[in-house]
Amino acid sequence: MNGTTNHRHPGGEPLVRIVKRADIARGKAWGIRIAAILLALCAGGLLILALGHNPAAVYIDMVRGSLATKTAMIATAKIAIPLLGAALAIAPAFKMKFWNIGAEGQIMVGAIAATYLALFHYQTMPRPALLAAMFMASALAGGLWGLIPAVFKARWGTNETLFTLMLNYVAFGIVKYLRMGPWKSPSSAGFPKIAMFDSAARLPNVFGVNIGWIIVLALAVAMFVYMKYSQHGYEISVVGESERTAKYIGMNVPRIIMRTVFFSGAIAGVVGCLIVSGSSYTLSDTTSGGYGFTAITVAWLSRLNPFPMIVISAFLAVLTKGANTIQTNFKIPASASEVLTGMILFFMLGCEFFINYKVILRSRRRIEVPND
Amino acid sequence: MEPVLALEMKDITKTFGDVAANCNVSLQVYNGEVLSLLGENGSGKTTLMNILAGIYYPDHGQITVGGREVSIRSPKDAIDLGIGMVHQHFKLVGNLTAAENIVLGLREKGRLDRKKITAKVKDLADRYGFNINPEKKIYDMSVSEKQTVEILKVLYRGASILILDEPTAVLTLQETEKLFNILRSMRDDGKAIIIITHKLHEVLAISDRVAVLRKGENAGTVKTADATAQSLTEMMVGRAVSLNIDRPEPVNPTPRLVVKNLSCVDDEGFTVLDNVSFTANGGEILGIAGISGCGQRELLEGIAGLYPLMPGSSVLYYPDDTGAPTELVGKRPGEIRKLGVALSFVPEDRLGMGLVGSMDLADNMLLRSYNDGKLGIADRRGPRKLAERVVKQLGIVTPGISTPVSKLSGGNVQKVLVGREISLAPQVLMTAYAVRGLDINTSYTIYGLLNEQKKKGVAVIYVGEDLDVLLELCDRILVLSAGRVSGIVDGRTATKEEVGYLMTAGREGGSV
């Protein structure tokens with residue numbers, strides 16, 4: 001039986017070995033992350049060079065276009081606010097390993113609820129009450145939209161990934177229907193769109209940016225406390241790690257799933273309200289703007305921790321706004337600037353591998369036993 | 001005849017982060033012998049074997065196979081060198097047949113010749129005395145059949161050095177005996193066999209030599225003929241230990257848990273438990289014996305409110321000698337706890353059910369008390385203190401209470417779980433396979449803890465698989481056979497044969 005045995009290996013270490021790290025110093029981890037961003041910038045620079053531009057000039061323009069002037073900063077903040085909000089919305093569901101990729105739709109139904117009040121009740125309520133009602137309605141709508149797949153998951157074990165994804169398209173459809181039909185603005189000649197909000201239904205500005213930035217920052221702190229210190233937060237972690245342990249210990253797992261996803265959807269709904277009443281002042285097909293999907297990247301990069309989320313959503317907002325700027329200033333096509341953003345994200349996500357694993361190259365010569 | 005060295009490991013060192021799993025370990029195996037590799041949990045046995053199997057690469061040290069120094073960089077290298085490992089957790093594809101699993105991953109040229117493969121598998125099986133149907137699907141197989149497939153898999157690949165990592169942990173007595181006969185015939189065929197097991201009587205029964213590891217280092221190698229259970233334990237632990245299990249007389253036993261007509265069915269409607277009735281008394285250890293998978297899990301989970309029971313089932317809990325009983329059937333675990341029922345449960349699946357592997361010690365203590373805090377905030381101070389106390393009292397080896405429990409060795413994981421459940425001051429303590437996979441030393445610690453609870457007047461229910469331990473530890477032993485109580489015997493007077501007979505009583509076809 002040993003006839004086929006093949007002794008073809010001389011003593012020798014493999015060229016590359018990958019070993020899981022037991023632990024890594026914080027400084028070193030951040031060192032790897034910074035190196036990843038630098039590498040991403042280099043790789044992006046090659047792309048820019050290939051397009052015939054000076055990388056340094058383009059990068060400087062990106063930063064200038066997103067941060068240098070007050071207008072630029074306000075525009076950047078308008079991207080960062082909903083992005084952070086949506087990432088915060090996703091966090092508790094993801095922590096529970098409930099893959100809610102329906103934030104997009106939950107943002108939409110939240111926006112629909114807020115828009116309904118803004119369009120039809122702006123005269124019946126004083127402004128603070130109107131805004132408060134808009135927030136509550138959007139939270140309720142987003143929460144209920146999230147609750148649908150949660151109930152099915154909790155009761156019958158359906159797959160939430162497909163379910164939440166498909167509900168996005170339902171929400172998009174509803175907005176389209178409202179725009180073309182019942183909510184079509186009478187003053188828009190021919191082109192079907194929804195009217196702009198009355199000033200009473202628009203969020204006040206603080207330091208030039210709508211008050212939404214204070215709301216999402218407060219939400220980030222609240223979410224941090226909720227996830228880390230509350231009983232609910234603990235329940236979410238246990239259910240996410242092991243449903244059997246949760247049941248064994250006496251947790252009501254279906255209730256926890258439904259409660260958490262309602263909560264997640266409610267925050268996404270509030271984000272919808274922030275968008276329509278804080279920056280676009282109307283409801284359109286592009287209200288959710290892909291924030292619900294980009295937020296997944298933000299949530300992953302920050303490992304579901306709210307504070308890094310603030311930094312990462314700000315960073316992504318700078319990238320997005322900067323990419324817009326270089327499109328106009330350098331005539332770089334939109335797709336190329338998206339490739340650039342994608343490359344930076346790729347490096348950032350990829351570097352997590354080097355934080356978790358270490359690569360050992362063959363280094364020392366081994367004393368080889370001579371074969372006789 | 002001069003024995004031929006099949007394999008030699010010399011000065012093998014392997015570290016994970018700061019922990020040295022193996023430190024300058026050397027090992028020799030000869031053709032035509034069974035070598036037992038013995039050591040406590042976390043002494044580096046599995047790491048050492050994984051190095052041979054090509055799963056880990058050593059930091060330094062030499063490996064010689066058949067007289068040549070080799071470098072094993074991948075499982076494929078190991079197979080090419082004739083080294084085959086049967087892992088503790090089977091790596092089989094459920095939807096495929098035994099024969100298909102056996103050839104899976106072999107890159108042989110030409111098309112798959114099922115007939116030839118089946119014939120070759122049959123031939124191998126006949127040669128060593130395996131009883132297997134190559135056309136049977138894995139999902140239809142019992143644990144012991146699956147293990148047979150794993151062994152055939154490595155033999156098919158031409159292995160001349162076989163490594164078996166705790167092969168008997170999942171087998172019944174009879175199945176173990178069968179496996180040992182096969183191992184003997186492979187040994188007589190000239191193969192070198194390395195077996196890892198914690199059960200000393202098995203070490204003595206099957207092996208020719210025993211190599212002992214202690215804390216990642218060699219602690220000596222002896223001929224089995226010169227060894228006893230006592231001497232091996234001392235080598236393993238590094239000091240003298242008593243191998244007698246204490247059994248204090250029960251003091252004033254009073255009923256704590258009265259189970260009546262407990263029945264349940266599984267997902268497919270088959271009866272798992274059929275009218276099980278018994279009483280668990282405070283101050284007593286009630287053993288539950290039975291062939292694995294004949295309703296033990298469902299019984300404990302049913303009592304704990306985790307498994308749906310049939311109408312007519314009743315579990316009465318008596319809080320003290322005079323109080324009115326509480327009916328537990330039909331209530332969920334959360335409700336049972338709210339009623340003040342002091343029921344602790346150490347489940348079989350420690351990391352998948354009793355604990356959360358990725359959470360640290362303190363947060364695992366919090367599992368039982370997270371709801372007690374005020375204003376919706378989970379109080380973590382109590383659990384932290386409890387974790388520190390349990391670590392100290394049970395001698396848990398851990399870098400700290402902020403270490404995820406999945407990073408601990410099996411014995412320490414179990415100590416965390418048992419420590420937490422005992423800290424709840426239970427009236428009834430249920431344990432399922434409390435010492436499975438644990439080394440001798442930790443097992444005795446666990447027996448000691450159970451006895452301590454018994455002396456406190458707790459009703460202890462001990463589901464076990466080792467009959468010797470059941471007969472030494474328990475006051476009474478309930479024997480389950482095919483979901484029914486086939487007898488309740490006195491642990492002090494019953495014999496192993498008696499219990500063994502009850503375990504198979506009433507089963508179609510009698511004993512396995």
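Select B:A482 to begin, in this predicted model, and ask where it sits: the residue lies in the loop of chain B between β19 (476–481) and β20 (484–490). B:A482 counts as partly exposed because it has 19 C-beta neighbours inside 10 Å, where 20 or more would be needed for a residue to be called buried. The backbone deserves a look here as well, since B:A482 is not a glycine and yet has a positive phi of about 50 degrees.

Move next to B:E166, in the loop of chain B that runs between β7 (161–165) and α6 (173–188). Phi of B:E166 is also positive, near 45 degrees, in a residue other than glycine, and with 19 other C-beta atoms within 10 Å this residue is partly exposed.

For a buried position, select B:A211, which belongs to strand β9 (residues 209–214) of chain B. B:A211 has 24 C-beta neighbours inside 10 Å and therefore counts as buried. If residues up to four places away in sequence are set aside, B:A211 touches B:L27, B:L35, B:L37 and B:T221. Adding B:M235 to the selection shows a residue that is 24 places away from B:A211 in sequence, with a C-alpha to C-alpha distance of 9.8 Å.

Now colour chain B by its domain assignment, which gives domain 1 (5–237), domain 2 (254–342 + 426–438 + 454–505) and domain 3 (351–424). The centres of domain 2 and domain 3 of chain B, taken over C-alpha atoms, are separated by 26 Å, and the contact takes six residues from domain 2 and six residues from domain 3. On the side of domain 2 that touches domain 3, five residues are nonpolar, one is polar and none is charged.

Stay in chain B and select helix α13 (residues 381–394), whose 14 residues reach 20 Å from the first C-alpha to the last, close to the 20 Å expected at 1.5 Å a residue. Which residues of α13(B) are buried? They are B:P383, B:L386, B:A387, B:V390 and B:L394, and because they cover an arc of only 105 degrees around the axis, they lie on the same side of α13(B). The cover over these buried residues includes α12 (361–366), α14 (410–423) and α15 (440–455) of chain B. Turn the view to the face of α13(B) directed away from its buried side, and the exposed residues B:R381 and B:K392 appear there. After the helix comes B:G395, with a positive phi near 60 degrees.

Switch to chain A, whose secondary structure comes to 13 helices and four strands, and whose C-alpha atoms fill a box of roughly 100 × 60 × 40 Å along the principal axes. Of its 372 residues, 42% count as buried. Helix α10 of chain A (residues 253–280) has 28 residues, which should span 40 Å at 1.5 Å a residue, and its end C-alpha atoms, 39 Å apart, agree with that. This helix is mostly covered, with 22 of its 28 residues buried, and A:Y281, which follows α10(A), has a positive phi near 60 degrees.

Finish at the largest nonpolar core, which has 251 residues, and in which A:L83, A:A86, A:A87, A:L88 and B:Y462 touch the most other members. Selecting A:L83 and leaving aside its neighbours within four places in sequence, one finds contacts with A:Y291, A:T294, A:A295, A:V298, A:S313, A:L316 and A:A317.

Conventions: Residues are numbered from 1 along each chain as its sequence is written. Chains are lettered from A and ligands numbered from 1 in the order in which they are written. This is a predicted model: local features need pLDDT of at least 70, side-chain atom pairs count only at pLDDT 80 or more; totals for chains, interfaces and linings use all residues. A nonpolar core is a set of buried Ala, Val, Leu, Ile, Met, Phe, Trp, Tyr and Cys residues joined through C-beta atoms within 7 Å. A residue is buried if 20 or more other C-beta atoms lie within 10 Å of its own, exposed if 12 or fewer, and partly exposed in between; C-beta atoms are placed from the backbone. Two residues are in contact if their C-beta atoms, placed from the backbone, lie within 7 Å. Helices (H or I, at least four residues) and strands (E, at least two) are DSSP runs, numbered from the N terminus. The expected span of a helix is 1.5 Å times one less than its number of residues. Domain bounds come from an automatic or database domain assignment. Ala, Val, Leu, Ile, Met, Phe, Trp, Tyr, Cys and Pro count as nonpolar, Asp, Glu, Lys and Arg as charged, and the others, Gly among them, as polar. The arc is that of the directions from the helix axis to the C-beta atoms.
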